[in-house]
Amino acid sequence: MIKVALTGEKDAIEMRKVYAGFVAEQIEAGSEIIALEADLMSSMAMDGVHKKYPEQVINCGIMEANVIGTAAGLSLTGRKPFVHTFTAFASRRCFDQLFMSLDYQRNNVKVIASDAGVTACHNGGTHMSFEDMGIVRGLANSIVLEVTDATMFKDILNQLIELEGFYWVRTIRKQAPTVYQAGSTFTIGKGNVLREGEDITLIANGIMVAEALEAARRLEREGVSAAVIDMFTLKPIDKMLVKNYAEKTGRIVTCENHSIHNGLGSAVAEVLVETCPVPMRRVGVKERYGQVGTQEFLQQEYGLTADEIVKAAKELL
């Protein structure tokens with residue numbers, strides 16, 4: 001059950017601290033969790049957890065392929081490995097290991113990929129991945145998620161400790177715009193309808209959910225009724241929800257902090273062309289690499305804003 005939060009707020013806790021707190025809680029509860037890092041302990045607020053629990057929090061160094069292989073081996077012993085590194089390194093740098101060691105062998109490993117898209121900010125183009133979700137969703141057995149805020153992240157992590165399989169969780173590291181009230185719970189594979197509408201549907205994930213909600217409010221002031229869906233599970237995508245809102249509103253805009261190719265826009269388009277073809281637009285990164293800058297500047301630079309969503313909606317209307 002979800003409850004939508006008030007607008008304009010930011011989470012009181014950083015996403016990385018949600019993760020570090022979860023790992024510590026699981027260790028203290030006697031879980032078989034083991035957290036693996038690729039020399040990013042301080043970046044993910046894991047220094048203190050590592051110091052307290054050195055046998056269950058392991059820094060494998062800047063060797064992402066080795067981290068994935070180690071996690072796969074640990075899963076075979078009955079442990080519950082959680083791997084964290086930046087999205088760029090968790091996808092591009094170790095794709096063969098994701099395929100061979102995790103997906104192909106059906107190992108039970110959760111990959112937490114942080115600094116999603118433009119939120120890599122001052123790490124710049126080499127660390128700024130716009131293609132990672134597209135890479136991972138192509139694997140046969142992967143479950144691909146992008147968490148929206150701290151409330152969702154905490155709930156999803158608590159589910160993942162009990163679930164079996166290869167899960168990819170894309171997140172930012174710092175504070176996210178608050179979308180959900182504390183106590184909300186989430187069903188993996190099901191999108192969340194945050195706002196009803198009759199004229200157009202905005203389907204978003206990650207940091208773009210807050211932008212889509214703001215775009216819907218602006219459209220409402222102009223007499224346009226826009227539904228907003230948080231499609232936090234990219235794979236398996238909620239096909240029925242996409243189909244139902246395509247039939248209901250007749251127009252779709254997708255909104256993602258990712259390339260428009262092979263991400264949310266592509267996944268939604270695949271559903272529409274097979275079930276209910278309607279006009280759509282894709283708001284996201286278009287044929288570009290990243291660069292250094294503040295998140296606000298980068299969102300403007302790459303068109304990841306409520307303004308851009310409103311513009312795309314008006315083109316369809």
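## Close-up views of a predicted model

**View 1. Cysteines without a bond.** Cys255 is buried, with a relative accessible area of 0%. Here buried means under 20% relative accessible area, exposed means over 50%, and partly exposed lies in between (1.4 Å probe, protein chains only). Before you zoom in further, please note that this is a predicted model, in which local features need pLDDT of at least 70, side-chain atom pairs count only at pLDDT 80 or more, and totals for chains, interfaces and linings use all residues. Residues are numbered from 1 along each chain as its sequence is written, and side-chain values use heavy atoms, with hydrogens and water left out. A disulfide is taken as a pair of cysteine sulfur atoms within 2.5 Å, and by this rule the count is zero. Cys94 is in no disulfide, as its nearest cysteine sulfur, that of Cys60, is 12 Å away. Cys94 is also buried, at 1% relative accessibility. Why does Cys255 have no bond to Cys276? The sulfur of Cys276 is the closest cysteine sulfur to that of Cys255, but at 18 Å this is too far for a bond.

**View 2. An open sheet of five strands.** Follow the strands in the order S7-S9-S8-S11-S12 and you will see an open sheet with mixed pairing. Strand S7 (192-195) and strand S12 (280-285) are at the edges with a single partner strand each, so one side of each has no neighbour in the sheet. On average, neighbouring strands are turned by 25° against each other, direction ignored. Strands here are DSSP runs of E with at least two residues, helices are runs of H or I with at least four, and both are numbered from the N terminus. Two strands pair if DSSP finds at least two bridges between them. Strands S8 (residues 200-204) and S9 (residues 226-230) run parallel and are joined by five bridges. One bridge to pick out is that of Ala204, whose partner in S9 is Asp230.

**View 3. Helix H10 on the sheet.** Helix H10 (residues 264-275) packs on the sheet and touches S8, strand S11 (252-259) and S12, its direction making about 145° with that of S11. For such angles, axes are lines fitted to C-alpha atoms, for helices over the stretch in contact, and values run from 0 to 180 degrees between N-to-C directions. Val271 is part of helix H10. Is Val271 buried or exposed? With a relative accessible area of 4%, Val271 is buried. Setting aside residues up to four places away in sequence, Val271 touches Ile237, Lys239, Val242 and Cys276, where contact means heavy atoms within 4.5 Å. Val271 and His258 are 13 residues apart in sequence and 19 Å apart in space, C-alpha to C-alpha.

**View 4. Two nonpolar cores.** A nonpolar core is a set of buried Ala, Val, Leu, Ile, Met, Phe, Trp, Tyr and Cys residues joined through side-chain atoms within 4.5 Å. The largest one has 68 residues, and Tyr19, Val23, Met46 and Val253 have the most contacts inside it. Helix H1 (residues 15-28) gives the largest share of this core, eight residues. Outside its neighbours within four places in sequence, Tyr19 has contacts that include Ala35, Met44, Phe82, Ile112 and Leu157. A second, separate core of 42 residues includes Met133, Trp168, Leu241 and Val271.

**View 5. Salt bridges.** How many salt bridges does the structure hold? There are 19, each being a side-chain nitrogen of Lys or Arg within 4 Å of a carboxyl oxygen of Asp or Glu. Glu247 and Lys243 meet at 2.7 Å, N to O, and both lie in helix H9 (residues 239-249), four residues apart, about one turn of the helix. Both are partly exposed, Glu247 at 47% and Lys243 at 23%. In another pair, the closest N and O atoms of Glu315 and Arg281 are 3.0 Å apart. This pair links distant parts of the chain, with Glu315 in helix H12 (residues 306-316) and Arg281 in strand S12, 34 residues apart. Arg288 forms a salt bridge with Glu301, with 2.9 Å between the closest N and O atoms. Here Arg288 is in the loop between S12 and helix H11 (295-301), while Glu301 is in helix H11. Finally, look for the network of salt bridges that links Glu214, Arg217, Arg218 and Asp307.
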